Amino acid sequence: MSVTSRDLEKMALLARLEITETDLPDVTERFSRVLSLVNELNTIDTDGVIPMSNPHDMEQRLREDSIAHPSDREALMASAPAQQDGYFLVPKVID
Amino acid sequence: MSWEIVMGLEVHLQLATQSKIFSGSATQFGAAPNQQADAVDLGMPGMLPVLNEEAVRHAVKFGLGIGARIGKRSVFDRKNYFYPDLPKGYQVSQFFSPIVCEGVFDVPLEDGSLYPIRITRAHLEEDAGKSVHDIFGHETGIDLNRAGTPLLEIVTEPDFRSAEQAVAYLKALHSLVTYLGISDGNMAEGSMRCDINISLREKGSDELGTRTEIKNVNSFRFVERAIHYEYERQADILDGGGCITQETRLYDAEQNTTRSMRSKEVANDYRYFPEPDLLPIVIDDSYIDTVRQNLPELPAAKRARFLAEYGLTEYDTNLLVPNHAIADYFEAVAESSGAPKLAANWILGDLSAALNRSELSIEANPISAELLAGLVSRINDGTLSSKLAKQVFEALWNEEGDTDEIIAARGLKQVSDSGALEYMVDDVIANNPDQVAQYIAADDAKRKKLSGFFVGQIMKASKGQANPQMLNELLLKKLEDQS
């Protein structure tokens, strides 16, 4: 299975990864090899096999709907690089 | 060219829970920024989600409420995208195996008919946080209080052919979910937000055209306007020989336009995969039965019962049923007064008008059901004419006591004593010989008009307290005797 440099650029954008022009051909090549390896799984007959959504053969346990703890905003926000009036601040994003 | 509009709706419904879907933070609206966001909501490393049982129960209630198939084994998936108000870099949602599968929702239209809408699915997911773009100059503020609020996303098939149908569906859905108690339905606070998928095709064609998606419309009125605007926009492009670009658009309520949200297009690839931090939700038949047994009476059943049990009109029923609180209020007044039709008239007439004037909801109504029932009873037993009843209603509204106290205090009792009425009629006939002569000379049509003069005189003399029906009968008989 082979991917093009364009495929890889799109994936890098979606994953917010930076791949330089110089690295692109090499990374594309290695990425293709990994995909080919994984692609071998497609040769296995999986008819009638229920897709596995989790390796643990268990059901989800549910918790009671109650408020568990008081807010600890100060501690949680202490590591934020920028904040004001209780908001986290990030570089301006607008649609 | 004549175009047919084709639409499907996606509604994001905020579920009424105390705590978030995967954490113990509170969900209450209006808290100070980031006051209700814990380490799970902030996506801190190593934090694990634990699913809220109430969110699951609400989803199952909804499924049963529309007679949908419940997904016995539903699975959470990660929807991957980057945005600052989504700290984990993915939203936990359900893509491949939703908790509510296909169903049909019958939407009552204004003419009383039912319009069936196919529900594709409804799935559980977490809400994102809120970005504030306009108060921090060159930066965006992030408030994660809403992050992790449980949502049910309800998706329909492309079954809508008009804005009116879409709005009727949303209103019926709003009514259903508030009856079920699974959402507060507060649209102004974002508890119900709607995405509209909309395309046009030539009338008679059965192929679908290219669609656009209008995001996050949060009122019935805006939904209607956004659809009308987008219809015109697409029709203009198609009439001019152009093509519709498949894209996401935003409705701008101030300008009444929709505009493209181009930035989202680049990243429109969510790479869903099963959420490894959560196990499948398994729902068995006994759980479903228990939820089913505890469902309240739903709008459709209540509508049918109001028609049959109280003999109301289709029109009255459609106005009384959608709001649970109004339906309950009506029922209390009807039961206690024994006069359901009168009760409906007063609730939909004077009471609604008064509430609107004062911008009050039914919950803030100063007239309790018991008080209004007292008024309705006194109209029903003939103590009050409708004219006097209006005075009593005003007094009830101003909290001057109950109906009997107001009647006593103001001396408002309707005169239904035939002796007293006869005296008044005789008096007015004796004092107005000219009008009596005119009446006798007139034909039937004219007589009807002329009798109004005598009624007016007597009402004036009795300060509005004469029983109008008895007065009319007596007056006509007496005038007849004169001729």
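# A tour of chain B

Start by selecting B:Trp3 and B:Glu202: in S11(B), B:Glu202 is the bridge partner of B:Trp3. This is a predicted model, so every stop on this tour is a computed one.

**Stop 1: strand S11.** Select residues 192-202 of chain B, which make up strand S11. Is this strand mostly covered or mostly open? It is mostly covered, as ten of its eleven residues are buried. Now add strand S1, residues 3-14 of chain B. Eleven bridges join S1 to S11(B), and the two run antiparallel.

Next, bring in strand S12, residues 212-217 of chain B. S11(B) and S12 also pair in the antiparallel sense, here over four bridges. To find one meeting point, select B:Ile198. Opposite B:Ile198, in S12(B), stands B:Thr212. While you are here, look at the side chains. In a regular strand they alternate between the two faces of the sheet.

**Stop 2: an open sheet.** Select strands S5, S4 and S15 of chain B. Three strands form an open sheet here, in the order S5-S4-S15, with antiparallel pairing. Why is one side of S5 and of S15 left without a neighbour in the sheet? S5 (90-93) and S15 (273-274) of chain B stand at the edges, each with a single partner strand, so one side of each has no neighbour there.

Zoom in on S4, residues 77-80 of chain B. Four bridges join S4 to S5(B), and these strands run antiparallel. Pick B:Lys79, then B:Gln91, its bridge partner in S5(B).

**Stop 3: two residues with positive phi.** Most residues other than glycine have a negative phi. Select B:Arg271, which is not a glycine, yet has a positive phi of about 45°. B:Arg271 sits in the loop between helix H4 (263-266) and S15 of chain B. B:Arg271 is partly exposed, at a relative accessible area of 33%.

Now go to B:Asn256. Its phi is positive too, near 50°. Which strands flank the loop that holds B:Asn256? They are S13 (248-252) and S14 (257-260) of chain B. B:Asn256 is partly exposed, with a relative accessible area of 32%.

**Stop 4: a charged patch.** Finish at the surface. Select B:Glu110, B:Asp111, B:Glu164 and B:Glu314, which form a negative surface patch. Keep B:Glu110 highlighted. B:Glu110 lies in the loop between strand S6 (103-108) and strand S7 (114-126) of chain B. Is B:Glu110 buried or exposed? B:Glu110 is exposed, with a relative accessible area of 84%.

Technical notes: Residues numbered from 1 in each chain as written. Chains lettered and ligands numbered in written order. Predicted model: local features only at pLDDT ≥ 70, side-chain atom pairs only at ≥ 80, totals over all residues. Heavy atoms only, no water. Patch = residues over 30% accessible without salt bridge, like charges linked within 9 Å, V, L, I, M, F, W, Y side chains within 5 Å. Areas by Shrake-Rupley, 256 points an atom, 1.4 Å probe, with all protein chains shown as cover. Salt bridge = Lys/Arg side-chain N within 4 Å of Asp/Glu carboxyl O. Lys, Arg positive; Asp, Glu negative; His and termini not counted. Charge placed at Lys NZ, Arg CZ, Asp CG, Glu CD. Buried < 20%, exposed > 50% of the residue type's maximum accessible area, 1.4 Å probe, protein only. Pairing = 2+ DSSP bridges.
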